[in-house]
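Hi,

Here is the structure I promised to pass on. Have a look at it first, and my notes follow underneath.

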Amino acid sequence: MKKYFLLAALIMGVINNVQAQVKLQPLFSSNMVLQQKSTVPVWGEAKPGKKVMLTTSWDNKQYQTVADTQGEFRFDIETLAAGGPYTLTFVEGKKKTVLENVMLGEVWLVGGQSNAQMQMFSIKNAQAEINDADRYKNIRLLHVETTTAATPSKTVHAKNNSWEVASRNTVADFSALGYLFGRELADHINVPIGIIQSCLGSTFAEPWISQASLKTMPYFDKAIEKVAGMPTDSLERENRYKKDLQEWNDEVEAMDGNSKQGKIVYTHDFADDSKWCDIKFPGLFEDQLKEHYGAYDGIVWYRRTIDIPASWAGKECKLCLGAVDDDDMAYFNGSLVGSHLGVAFNREYTIPAELVKAGKAEIAIRVHDTGGLGGFYSNDACVQCGEEKVLITGTWKFLATIDEKDLPFYPTNLNIDTNVASALYNGMIAPLAPFAIKGALWYQGESSVGRAYQYRELLPLLINDWHKSFGSDFPFYIVQLANHMTAQTDPAEESTWAELREAQMKVAQTVKGAGLVTTIDVGEADDIHPKDKQTVGKRLGLIARARTYGEKVEYSGPQYMGYRQEGHAIRLFFAHARGLKVGRGDSELRGFVIAGPDRKFHWAKATIADEGRGMKSVIVESDEVDFPVAVRYGWANNPYCNLYNGDDLPAVPFRTDEWPGLSIGNY
């Protein structure tokens with residue numbers, strides 16, 4: 001019996017010792033970087049009412065506090081100039097927690113969507129770049145994992161629950177944007193660099209903003225209300241989502257007018273062929289119908305008729321569509337036969353036997369394109385009966401009915417949906433605050449295309465929200481959307497991508513701490529994730545070196561300042577224009593269009609003119625425009641433009657008919 005008492009006492013001792021040891025978030029671990037020459041908050045958990053002590057080895061200073069009634073404690077410690085390695089030693093009672101290999105340096109946060117998240121192994125020259133990471137032991141990485149929450153969380157979910165030292169074994173699946181930016185800083189300011197990756201692909205801006213800030217924009221009231229009323233139980237959440245999804249679809253069907261409760265309604269657009277246009281299947285409708293719809297997002301319809309063999313009549317068949325971008329509802333002879341949400345899924349729907357009749361049959365598909373490209377990918381799409389198939393590729397009819405900006409808020413399933421108002425802020429930003437950081441990088445906007453004018457309000461809201469959360473007006477450097485989709489051929493192209501770039505530029509010019517990096521020359525027509533992240537990292541490094549660290553380096557390409565109308569030409573003036581030149585190995589400037597009072601844009605001839613005293617301007621004109629009133633440059637989804645400055649940095653796209661022109665004092 002005595003040995004059982006001894007065993008019980010030993011177990012209780014172990015439990016008490018575990019309870020007595022401080023608990024720290026992965027934000028505070030060995031190998032971390034703390035912001036140099038700052039007051040840095042350090043927090044954790046201990047037994048309520050217990051005294052906790054912290055010793056910092058760089059100055060041997062000892063801090064002391066007491067855990068509150070919730071078991072939480074916090075120190076505000078003073079850091080010295082960059083250096084290391086150091087230790088942080090926490091003591092509670094007789095238990096010690098020691099963090100080793102801690103560096104003092106510069107800490108940056110990387111936020112945004114997939115181009116911010118894009119991993120090192122996906123970029124150009126990936127393996128060589130990954131192997132090279134062994135040279136950068138003073139770069140430290142913290143990878144925040146995808147986490148959503150209905151309310152602000154205090155828990156940081158991080159890969160391996162700790163910071164990691166950069167090496168070929170740790171950078172491969174880390175943010176290429178973050179690591180390559182960190183490498184630029186390490187090469188030029190020669191201090192330890194900490195990069196915190198907290199980003200996620202296919203996300204809007206609003207999931208990254210706190211509920212308190214979003215409440216200032218009435219547009220998000222309904223979304224906030226839904227999140228605030230979200231059940232805590234996952235099964236209840238799922239049931240709520242199904243109910244909300246049905247209500248959303250009922251509302252969309254009422255707006256669209258072409259279907260109702262699983263049936264096609266032929267009294268609306270389906271009865272009027274003149275409203276439909278031809279489109280190729282497979283294919284992406286933005287590419288094929290750009291002149292009609294531009295970079296359209298929202299509800300669209302596809303339909304066509306096929307011939308059903310007499311031998312199939314009364315037999316169950318399959319409708320095989322392949323992958324659809326993004327969500328679909330498929331109808332056969334007027335009845336719903338299947339639906340699915342999300343791109344990465346091959347659709348294969350059962351057609352009930354009673355719908356299969358010999359002769360003409362109609363297939364109709366409602367597609368909800370939530371952002372980016374939309375359409376179909378499969379060359380093998382067909383209707384199948386047993387081993388027999390009827391291909392359904394070729395020419396279909398197409399109709400766009402509801403723009404994404406006019407749709408009701410999409411239902412929220414917090415169990416799986418990351419694109420929920422404030423959900424990513426709650427799970428991936430709030431737990432980091434108020435950790436001391438030097439600045440933030442932001443690469444997002446692809447999912448917000450179509451809402452550019454709202455973005456002019458939303459992005460400043462996000463920046464100010466993060467400033468408030470972290471208690472600092474730190475630099476916030478924005479990566480402008482790269483060129484993407486079909487190359488521009490129409491001088492009069494309207495572009496929601498260009499509008500979003502303009503919104504990013506406007507924010508960079510007007511919000512405290514914000515700055516812009518242009519990537520209009522590194523995109524790819526057929527890949528929304530350009531592989532040249534080295535150039536982006538270098539340009540981010542330039543703006544940080546110049547504006548944050550005070551180096552005398554050029555950090556921006558030419559930025560439009562204003563214009564003067566001169567007879568049949570317009571003369572443009574730029575900041576950041578030292579050594580203004582034709583770039584990309586070309587002999588003539590490209591990317592400029594010009595319009596007269598009729599608002600019809602034409603390709604323009606553009607020449608660089610010497611203004612004297614090292615100043616240069618660009619003169620734009622066209623034989624087809626007698627009296628010009630507006631110029632646009634790089635105004636397309638995927639323009640080819642080649643105005644650069646002497647530091648080989650590309651001009652920022654602009655339009656004079658929206659952008660008012662800025663005084664030289666703003667630069």
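**Aromatic pairs and charges over rings**

Y302 counts as buried, with a relative accessibility of 0%. One thing to keep in mind as you read on: this is a predicted model. The ring partner to look at for Y302 is F376: the two ring centres are 4.7 Å apart and the planes stand at 85°, so this is an edge-to-face pair. Y302 belongs to strand β15 and F376 to strand β21 (residues 375-376), so the pair ties together parts that are 74 residues apart in sequence. F376 is buried as well, at a relative accessible area of 1%. Both rings also belong to one aromatic cluster, made up of F281, F285, Y296, Y302, F376, W396 and F398.

How many aromatic pairs does a search of the whole structure find? It comes back with 30. Another of them is Y219 with F220, where the centres lie 4.9 Å apart and the planes are at 85°, so that pair is edge-to-face too. Is Y219 buried or partly exposed? Y219 is partly exposed, with a relative accessible area of 36%, whereas F220 is buried at 0%.

Two arginines are worth a click if you care about charges and rings. R303 lies over the face of W276, 4.2 Å from the ring centre. R451 has its charged end over the ring of F204, at 5.0 Å from the centre.

**Helix α7**

α7 covers residues 234-256, which makes 23 residues. From first C-alpha to last it reaches 32 Å, close to the 33 Å expected at 1.5 Å a residue. At its start, a side-chain oxygen of D233 comes to within 3.1 Å of the backbone nitrogen of L235. At the other end, the helix is followed by G257, which has a positive phi, near 80°.

Which residues of α7 are buried? They are R237, Y241, D244, W248, N249, V252, E253 and D256, so you will find charged side chains in that list alongside Y241 and W248.The cover over these buried residues includes α6 (221-228), β11 (259-260), β15 (298-308), β17 (327-332), β20 (359-369) and β24 (394-403). Strand β15 is also where Y302 of the aromatic pair sits.

**Strands β22 and β23**

Strand β22 (residues 382-385) is covered on both faces. C382 and Q384 are on one side, V383 and C385 are on the other, and all are buried. Which way do β22 and strand β16 (residues 317-325) run relative to each other, parallel or antiparallel? They run antiparallel and are joined by 3 bridges, with L319 having V383 as its bridge partner in β22.

β22 also pairs with strand β23 (residues 388-391), again in the antiparallel sense, over 4 bridges. Within that pairing, E388 in β23 is the bridge partner of C385. The two strands form a hairpin with 2 residues between them, and G386 in the turn has a positive phi of about 65°.

**Strand β10**

Strand β10 (residues 193-197) has 5 of its 5 residues buried, so it is largely enclosed by the rest of the structure. I193, I195 and Q197 point one way, while G194 and I196 point the other way. What does β10 pair with in the parallel sense? One partner is strand β7 (residues 95-112), over 5 bridges. Another is strand β8 (residues 139-143), also over 5 bridges. Q197 turns up in both pairings: it is the bridge partner of V110 and of H143.

**T89 and an open sheet**

T89 is found in strand β6 (residues 83-92). Its relative accessible area is 17%, and buried means under 20%, so T89 counts as buried. Leaving aside neighbours within four places in sequence, T89 is in contact with M53, L54, T55, K96, T97 and V98.

Last stop is an open sheet of 4 strands, in the order β32-β31-β35-β37, with antiparallel pairing. Its edge strands are β32 (601-603) and β37 (654-655), each pairing on one side only. Strand β31 (residues 592-595) is joined to β32 by 3 bridges, and A595 stands opposite F601 in β32.

Cheers

Key:
Residues numbered from 1 in each chain as written. Predicted model: local features only at pLDDT ≥ 70, side-chain atom pairs only at ≥ 80, totals over all residues. Heavy atoms only, no water. Expected span 1.5 Å × (residues − 1). Buried < 20%, exposed > 50% of the residue type's maximum accessible area, 1.4 Å probe, protein only. Contact = heavy atoms within 4.5 Å. Polar contact = N/O pair within 3.5 Å; in protein donor to acceptor, adjacent residues only side chain to side chain. Pairing = 2+ DSSP bridges. Phe/Tyr/Trp six-rings, centres within 6.5 Å; stacked < 30°, edge-to-face > 60°. Lys NZ or Arg CZ within 6 Å of the ring centre and 35° of its normal.
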